[in-house]
Number of protein chains: 6
Amino acid sequence: MTQPKKLKLGIPKGSLQDATIALFEKSGWKIRMHHRNYFPEINDPDIQCSMCRAQEMSRYVETGTLDAGLTGKDWILENNSDVVVVSDLVYSKVSNRPARWVLAVAADSPYRRPQDLAGKKIATELVSFTKSYFEAAEVPVAVEFSWGATEAKVVEGLADAIVEVTETGTTIKAHGLRIIAELLQTNTRLIANKAAWEDPFKRKKIENLDMLLQGALRAESLVGLKMNVPEEKMPAIMNLLPSLTAPTVANLYNKDWLSVEIVVSESLVRDLIPKLHELGAEGIIEYSLNKVI
Amino acid sequence: MTQPKKLKLGIPKGSLQDATIALFEKSGWKIRMHHRNYFPEINDPDIQCSMCRAQEMSRYVETGTLDAGLTGKDWILENNSDVVVVSDLVYSKVSNRPARWVLAVAADSPYRRPQDLAGKKIATELVSFTKSYFEAAEVPVAVEFSWGATEAKVVEGLADAIVEVTETGTTIKAHGLRIIAELLQTNTRLIANKAAWEDPFKRKKIENLDMLLQGALRAESLVGLKMNVPEEKMPAIMNLLPSLTAPTVANLYNKDWLSVEIVVSESLVRDLIPKLHELGAEGIIEYSLNKVI
Amino acid sequence: MTQPKKLKLGIPKGSLQDATIALFEKSGWKIRMHHRNYFPEINDPDIQCSMCRAQEMSRYVETGTLDAGLTGKDWILENNSDVVVVSDLVYSKVSNRPARWVLAVAADSPYRRPQDLAGKKIATELVSFTKSYFEAAEVPVAVEFSWGATEAKVVEGLADAIVEVTETGTTIKAHGLRIIAELLQTNTRLIANKAAWEDPFKRKKIENLDMLLQGALRAESLVGLKMNVPEEKMPAIMNLLPSLTAPTVANLYNKDWLSVEIVVSESLVRDLIPKLHELGAEGIIEYSLNKVI
Amino acid sequence: MTQPKKLKLGIPKGSLQDATIALFEKSGWKIRMHHRNYFPEINDPDIQCSMCRAQEMSRYVETGTLDAGLTGKDWILENNSDVVVVSDLVYSKVSNRPARWVLAVAADSPYRRPQDLAGKKIATELVSFTKSYFEAAEVPVAVEFSWGATEAKVVEGLADAIVEVTETGTTIKAHGLRIIAELLQTNTRLIANKAAWEDPFKRKKIENLDMLLQGALRAESLVGLKMNVPEEKMPAIMNLLPSLTAPTVANLYNKDWLSVEIVVSESLVRDLIPKLHELGAEGIIEYSLNKVI
Amino acid sequence: MTQPKKLKLGIPKGSLQDATIALFEKSGWKIRMHHRNYFPEINDPDIQCSMCRAQEMSRYVETGTLDAGLTGKDWILENNSDVVVVSDLVYSKVSNRPARWVLAVAADSPYRRPQDLAGKKIATELVSFTKSYFEAAEVPVAVEFSWGATEAKVVEGLADAIVEVTETGTTIKAHGLRIIAELLQTNTRLIANKAAWEDPFKRKKIENLDMLLQGALRAESLVGLKMNVPEEKMPAIMNLLPSLTAPTVANLYNKDWLSVEIVVSESLVRDLIPKLHELGAEGIIEYSLNKVI
Amino acid sequence: MTQPKKLKLGIPKGSLQDATIALFEKSGWKIRMHHRNYFPEINDPDIQCSMCRAQEMSRYVETGTLDAGLTGKDWILENNSDVVVVSDLVYSKVSNRPARWVLAVAADSPYRRPQDLAGKKIATELVSFTKSYFEAAEVPVAVEFSWGATEAKVVEGLADAIVEVTETGTTIKAHGLRIIAELLQTNTRLIANKAAWEDPFKRKKIENLDMLLQGALRAESLVGLKMNVPEEKMPAIMNLLPSLTAPTVANLYNKDWLSVEIVVSESLVRDLIPKLHELGAEGIIEYSLNKVI
């Protein structure tokens with residue numbers, strides 16, 4: 001008798017962990033961490049979850065220890081891992097801006113370009129990628145692995161420059177540093193082992209997972225909008241509505257009015273509602289969405 | 001002049017307290033705890049709330065100190081209370097699995113069945129129920145009241161076995177124990193005093209409360225799903241949809257498409273959406289529900 | 001080249017801060033506090049936010065340091081500021097009752113009316129307003145600024161009475177005090193500088209902001225209700241529904257039933273649902289709203 | 001080959017735990033709790049520690065599961081355990097006043113004496129002791145086990161009186177209660193199993209432990225005082241000093257002065273120092289003591 | 001029958017509270033705060049404690065509501081209170097540097113001296129003192145009461161300068177400010193009401209309190225040092241020892257050596273010990289002191 | 001004009017940080033961390049402190065970025081740094097047992113010796129040292145850098161063995177692992193740059209620092225013991241006392257008794273005191289020591 005087939009899925013431990021588990025919950029999978037959390041419980045008999053550092057994930061997916069996993073584009077490149085990139089999942093722990101690995105120096109230093117750092121010492125957690133970057137630029141530098149608190153190293157006199165990840169640049173600036181180059185934009189990726197991707201059961205499982213994760217992510221920036229519109233105002237209203245999806249229209253019990261329902265980007269709503277109101281829409285309501293496929 | 005009639009309602013203090021207050025909020029009643037919390041405030045002039053230990057609740061409902069209350073089936077049985085069981089409300093503080101009182105022994109002990117414990121010492125908070133259980137099984141044991149940390153008692157050498165409540169069994173196992181019997185499944189119950197149940201005002205109040213509590217609980221596992229479907233794909237889509245309730249269908253402004261809306265179990269969604277998508281449904285959105293009656 | 005025009009908007013720091021930022025988020029503006037939070041980031045290029053104590057806000061709006069701001073009616077009066085009151089925004093940090101500034105004395109003191117305090121010492125943070133109140137009443141009292149913990153001052157023997165803000169009166173009572181007069185009901189207000197209000201760009205911006213803030217606030221006490229109704233029961237159901245807005249009605253795929261959807265006050269739902277159910281409505285669902293305009 | 005002999009010692013879990021471990025540390029034994037704390041580590045190969053609820057301790061010492069333990073006099077009486085009382089160790093978690101189990105009723109109730117409660121319901125955690133107390137007084141009452149938050153039961157209308165432990169009476173009063181009788185003063189006790197007490201190895205171990213625990217406790221209320229005194233002032237100074245122990249006197253390098261050193265109660269120091277100073281003592285220093293035997 | 005005489009003593013609430021209570025504990029008085037802390041308990045029947053804001057203390061001492069109290073020199077001056085200054089007690093919540101009220105402006109502003117601020121707006125909590133300061137300097141400025149977060153006001157554009165208290169200047173600098181003048185050094189003071197100071201009982205009580213508080217404060221910067229010295233090295237060692245108090249010298253059992261004991265400033269120890277060691281002192285031990293009178 | 005000479009001293013950031021700062025405080029140096037903590041403040045004008053990861057410390061000392069620093073023996077070896085080892089300072093964050101880097105495998109695996117791991121994958125933070133260890137043993141293994149949570153890697157199936165640091169072995173065991181070899185015992189070390197060690201000013205500074213640090217560490221395990229002894233019992237008592245240092249003896253004012261004072265290991269006290277008491281010593285007191293040189 002054979003073991004039922006399972007997708008071995010890596011969930012990133014650490015800074016992305018809570019956001020990832022929340023995204024899975026919105027997508028339809030509940031992951032429960034137990035106190036001794038080697039294998040978190042997931043309510044899907046076809047999946048076995050493992051917690052794994054984002055830094056190490058692609059290594060384990062490449063060698064097949066895991067079939068698929070979520071990790072950052074940065075660490076896939078740092079590890080130079082040969083994996084299938086299924087999709088980009090843009091979510092983060094702090095802001096909605098993309099995370100960037102930047103080269104930063106003391107604000108009051110003379111360095112303006114990467115070339116100015118020839119012969120200098122650079123501290124970073126992304127050692128291989130940084131070395132490649134400077135080799136490609138033909139700038140000889142000493143790249144040292146930083147065990148953390150990298151931003152402080154320049155001010156402390158322990159390094160001449162750093163390569164560090166940032167979303168808003170606030171922390172970099174607060175440490176008295178100046179960004180002189182952006183080396184890499186990064187975001188979370190769903191990756192798969194090459195052999196697993198060729199296995200129909202596993203591929204189908206990964207693709208469905210991807211569809212739901214994307215649907216839940218998309219829903220975060222969209223909302224449902226519903227309003228009542230007098231029939232004669234309909235053309236003007238329709239002109240105003242963004243064309244993302246066709247609106248759903250129904251007659252009101254009171255026959256001269258229509259009910260109009262659309263899905264729109266949440267960021268447009270604050271400008272759209274005053275205009276809709278001016279054009280005669282009434283009873284405008286906005287509601288949240290869990291998924292949009 | 002007479003006092004306005006009020007339903008005296010017991011809210012369980014302790015581990016179920018937050019979940020209960022949250023459930024009431026979803027059901028339409030806001031309960032606010034004050035610092036000296038003898039009588040929490042509730043936004044319903046017909047109800048007076050009291051906080052009360054789940055262990056003692058049925059005692060107070062039985063004697064009429066309270067008209068109704070929420071507590072566990074386990075403690076109703078332990079107290080052997082003569083009350084009206086209005087309904088079962090399945091919610092818990094940890095997981096969605098039912099809580100069970102189990103008989104557990106040291107993992108490396110020779111005990112395999114309750115019968116093997118003849119002459120031994122059993123620690124539990126559920127003393128009366130446990131005594132009855134072993135008397136019915138005609139196994140003579142010494143049952144001792146445990147003041148807490150019951151799971152540790154076997155390893156500490158203070159008892160031969162324990163009877164303790166668990167949802168997932170994780171804590172039991174983590175203490176080096178092995179479950180050898182399940183004595184009782186339990187869940188929260190809405191109970192009423194017998195005389196209060198015969199009073200029309202109080203009974204109506206309890207029944208309405210029950211309807212809304214059930215409606216809020218049901219909504220936790222259901223979601224609304226809305227999608228646009230080409231008219232010709234409608235039969236295939238209808239075949240796929242679970243038959244819980246008839247879908248609501250409306251025509252889109254663009255006449256060849258229909259808008260379809262259903263309420264489905266959240267646990268089905270991750271399998272349903274990929275199939276709906278494959279059959280041609282578009283603009284699929286999912287939204288949350290507060291109550292489903 | 002000119003600087004792009006911006007609305008300088010004051011956000012109240014302190015007890016109202018979290019509630020205000022949450023309200024803005026629901027209204028469509030994300031405000032992000034940074035560690036050194038002089039100027040919180042807002043996702044609207046037309047607005048520049050400043051954090052500012054509620055007590056000082058109207059001073060800065062009056063002099064034009066800020067174009068608009070949110071603060072309490074109490075502090076506008078205390079500062080006697082000449083500003084445009086755009087609207088009242090009733091939300092608070094604790095309850096849904098209006099906050100009131102009350103005059104309170106020791107529970108066991110002989111004082112029953114403000115007049116009884118002639119010649120006595122009153123501690124308060126609202127010094128100017130309190131002085132005006134007693135002057136208008138022609139009761140001579142000494143009003144002293146209280147640096148905090150005002151409720152304790154009477155029991156500690158440091159004052160004869162206090163003027164303090166309260167929502168439920170619980171804290172006042174818990175300090176052994178008795179309320180003998182209410183001096184002022186207060187709530188949050190959106191205020192504008194007079195010159196800014198005459199500037200078309202700024203006024204439009206403030207009005208739109210107001211519309212969305214009001215819409216988000218309104219949504220907090222309303223919910224959407226949707227149900228399926230047999231056609232012949234429609235008149236009875238329609239009679240029962242509150243007339244806030246006309247219901248949206250659509251035919252079900254199964255032709256003898258109608259889908260009915262309304263927006264109602266959340267506080268009515270727990271009474272409405274049992275009646276709808278009795279009249280034959282089925283598949284009643286309730287869902288939350290983000291905004292209602 | 002035989003197991004080395006060990007004293008099985010029970011440490012009270014819960015409210016006394018931290019104070020007990022701190023007292024042992026001052027006495028010379030380091031107890032370290034581990035995450036799964038069945039058997040805390042102690043730096044003495046002759047002792048094996050167990051954590052055990054104070055309520056259950058005397059039961060386990062009586063039956064020999066433990067050789068000795070620390071627990072309250074109250075729970076020894078409640079369990080009616082036949083054990084050796086080695087000594088009283090007066091320390092507590094809150095104040096330096098002895099803890100007392102008191103009978104308390106609503107402040108505004110008519111009850112003035114235990115006799116007034118005939119036929120009433122009394123809630124307590126100390127059921128057996130309370131029953132005995134009222135039986136001895138020949139007052140028939142119903143005593144019910146309280147699962148906690150006992151102080152609230154009278155105000156909540158769930159009991160007519162309570163028997164509860166208190167040090168300062170503050171909590172009792174804050175719950176609107178009035179104390180009408182003191183049933184029992186209690187403090188921590190070191191107790192031993194009768195057989196263990198007859199075993200010379202174990203008895204010696206328990207006695208030494210007792211000597212050091214007493215020495216550490218005594219040191220908490222004593223301090224060392226050292227001062228320089230002109231020889232001719234010596235008699236006056238000697239008269240003033242409490243006679244607890246003879247002072248240690250040495251000559252100063254500068255021959256006309258003496259160095260005087262004593263151990264005194266800390267509570268006397270604030271009155272003693274001004275007088276010593278007046279009498280001519282100089283360079284008065286006070287230092288802390290770890291143990292005083 | 002008369003009430004026993006008591007000293008009404010004000011303890012500063014807020015930032016100095018914990019440090020003050022700790023200092024009293026070291027001095028010999030235990031102050032215990034209760035949950036409703038109008039009158040903290042003190043273990044001295046001659047004293048009744050009140051908690052009181054440092055800002056208001058001198059007002060209450062001046063009018064005799066309190067007999068004595070601890071508060072800052074700054075607030076005594078701000079309130080312009082006519083009280084007896086018994087002594088300065090130099091302790092603080094952060095560092096051991098004196099707290100200073102400074103005038104600070106934006107680091108990149110052109111202001112260099114107080115005179116440069118003529119016609120500008122200054123925010124501070126110390127309004128009266130600041131007004132007097134500028135009046136004395138004949139610089140016309142607008143001084144506005146700041147409700148807190150004063151350091152942020154300049155950067156936020158709400159004020160041109162601030163007057164704020166600081167110990168290290170770190171926070172001032174971190175807010176992008178530059179100090180251009182020091183207006184006042186402040187520290188805690190023990191103050192007394194003038195009439196209370198004339199009452200022999202109260203004055204004696206205040207003086208003894210002062211002696212012990214000073215003794216405990218002094219002990220914080222002193223330590224006891226004890227060492228064994230060969231008799232022939234005694235002169236060299238004696239030369240080295242600071243002359244604060246004469247050392248205590250005793251003969252060792254082994255007659256050629258002396259035991260030498262002194263009290264020295266803790267800050268000298270790290271330099272003194274290596275020198276003593278070099279000169280032949282052995283068995284050098286250092287111990288802490290609770291009080292030095 | 002030249003800069004005053006300073007010793008650049010590295011303080012380990014992270015797990016050893018608090019223990020190190022506490023040790024310096026006991027030794028006579030106060031280190032204060034500021035919010036932006038590049039250069040913590042130290043109350044010695046001759047020293048400039050830097051915070052630095054223990055893992056990187058020896059690298060910075062070797063190259064002269066720092067003159068001296070405290071770090072672990074393990075990381076000095078891992079970095080293979082050429083520095084002066086001034087002394088071993090045995091203190092830790094958890095227990096008083098030495099920390100050890102051990103090789104651990106799954107408890108139920110067949111591996112018994114390092115040799116059994118030939119061809120396997122080993123996860124560790126100590127990559128270089130581990131590689132050298134296995135090369136010396138001529139066992140070919142793959143050593144992978146672990147980004148943390150190393151103990152979980154074997155159970156998670158991500159590695160075959162780990163090399164990890166432990167004091168008690170408890171965590172290792174709790175993760176289901178078995179230790180099969182100890183690779184290295186480690187402790188904190190004071191290290192110096194080779195050139196700095198040749199500089200007389202810096203060397204003197206380092207040596208004095210070392211003397212005081214050692215003195216403070218030694219004091220942690222020693223206490224002072226003082227007692228009164230009848231002259232005739234003196235020989236017996238002297239026989240019993242450990243010979244660490246000669247006792248200080250003085251005559252009591254009451255001439256037949258002697259005062260005896262010694263410094264002894266705290267761990268001996270609990271056995272010594274009962275014996276001293278039995279031999280007739282009285283008024284035995286124990287007190288703490290800050291430093292013992």
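In this predicted model, chain D holds an open sheet of five strands, ordered β4-β1-β5-β12-β6, with mixed pairing. The edge positions belong to β4 (47-53) and β6 (84-89) of chain D; each has a single partner strand, so one side of each is left without a neighbour in the sheet. From one strand to the next, the twist averages 25 degrees.

Let us look at one pair in that sheet. Strand β1 (residues 7-13) of chain D runs parallel to β4(D), and seven bridges link the two. Within this pairing, K13(D) has R53(D) in β4(D) as its bridge partner.

Two helices of chain D lie across these strands. Helix α1 (residues 17-27) of chain D covers β1, β4 and β5 (68-72) of chain D, at about 135 degrees to β1(D). Helix α2 (residues 54-62) of chain D lies across β1, β4, β5 and β12 (188-192) of chain D, and its direction is about 130 degrees from that of β4(D).

**A sheet shared by two chains**

Which strands make up the open sheet that involves chains A and C? The order is β14(A)-β15(A)-β13(A)-β16(A)-β17(C), five strands with antiparallel pairing. Here β14 (248-251) of chain A and β17 (291-292) of chain C are at the edges with a single partner strand each, so one side of each is left without a neighbour in the sheet. Helix α10 (residues 266-278) of chain A packs on this sheet, where it touches β13, β15 and β16 (282-288) of chain A as well as β17 of chain C. The direction of α10(A) makes about 10 degrees with that of β13(A).

Inside the sheet, strand β13 (residues 222-230) of chain A and strand β15 (residues 257-265) of chain A are antiparallel and joined by nine bridges. One bridge pair to look up is V229(A) with L258(A), the latter in β15(A).

**Helices that cross**

Two helix pairs make a good stop on this tour, one within chain C and one between chains A and B.

| Helix pair | Angle | Axis separation |
|---|---|---|
| α1 (residues 17-27) of chain C and α7 (residues 200-220) of chain C | about 100 degrees | 8 Å |
| α8 (residues 200-219) of chain A and α9 (residues 266-278) of chain B | about 90 degrees | 10 Å |

For the pair in chain C, the angle of about 100 degrees makes α1(C) roughly perpendicular to α7(C). On the α1(C) side the contact is made by L23(C), F24(C), K26(C) and S27(C), which meet L209(C), L212(C), L213(C), A216(C), L217(C) and E220(C) of α7(C). Sorted by class, this contact has seven nonpolar, one polar and two charged residues.

Between chains, α8(A) and α9(B) are likewise described as roughly perpendicular to each other. Which residues of α8(A) meet α9(B)? They are K204(A), N208(A), M211(A) and L212(A), facing R270(B), I273(B), P274(B), H277(B) and E278(B) in α9(B). By class, the contact of α8(A) with α9(B) comprises four nonpolar, two polar and three charged residues.

**How the copies are related**

Chain E superposes on chain C with an RMSD of 0.1 Å after a turn of 180 degrees and a shift of 0.0 Å along the axis. The two copies are thus related as by a two-fold rotation axis. Which residue of chain E comes closest to the rotation axis? That is W147(E), whose C-alpha lies 4.9 Å from the axis. Of the interface residues of chain E, 100% are also interface residues in chain C, so the copies meet through the same surface.

Chains D and B give a further example. Chain D can be laid on chain B by a turn of 180 degrees and a shift of 0.0 Å along the axis, with an RMSD of 0.0 Å. In chain D, W147(D) comes closest to the rotation axis, with its C-alpha at 4.9 Å. The same surface serves both copies, since 100% of the contact residues of chain D recur in chain B.

Some chain pairs have no contact. Chains C and D are one such pair, and their closest C-alpha atoms are 10 Å apart. Chains B and F also lack any contact, with their closest C-alpha atoms 10 Å apart.

**Confidence**

The model scores ipTM 0.85 and pTM 0.85. Chain A has a mean pLDDT of 90, with 94% of its residues reaching 70 or more. Where pLDDT is low, the predicted coordinates should not be read in detail.

Methods:
Residues are numbered from 1 along each chain as its sequence is written. Chains are lettered from A and ligands numbered from 1 in the order in which they are written. This is a predicted model: local features need pLDDT of at least 70, side-chain atom pairs count only at pLDDT 80 or more; totals for chains, interfaces and linings use all residues. Side-chain values use heavy atoms; hydrogens and water are left out. Two strands pair if DSSP finds at least two bridges between them. Helices (H or I, at least four residues) and strands (E, at least two) are DSSP runs, numbered from the N terminus. Contact means heavy atoms within 4.5 Å. Axes are lines fitted to C-alpha atoms, for helices over the stretch in contact, and angles run from 0 to 180 degrees between N-to-C directions. pLDDT is the predictor's confidence in each residue, from 0 to 100. Angles under 35 degrees count as roughly parallel, over 145 as roughly antiparallel, 65 to 115 as roughly perpendicular and the rest as oblique. Ala, Val, Leu, Ile, Met, Phe, Trp, Tyr, Cys and Pro count as nonpolar, Asp, Glu, Lys and Arg as charged, and the others, Gly among them, as polar. Copies are superposed by least squares on the C-alpha atoms of residues with pLDDT of at least 70 in both.
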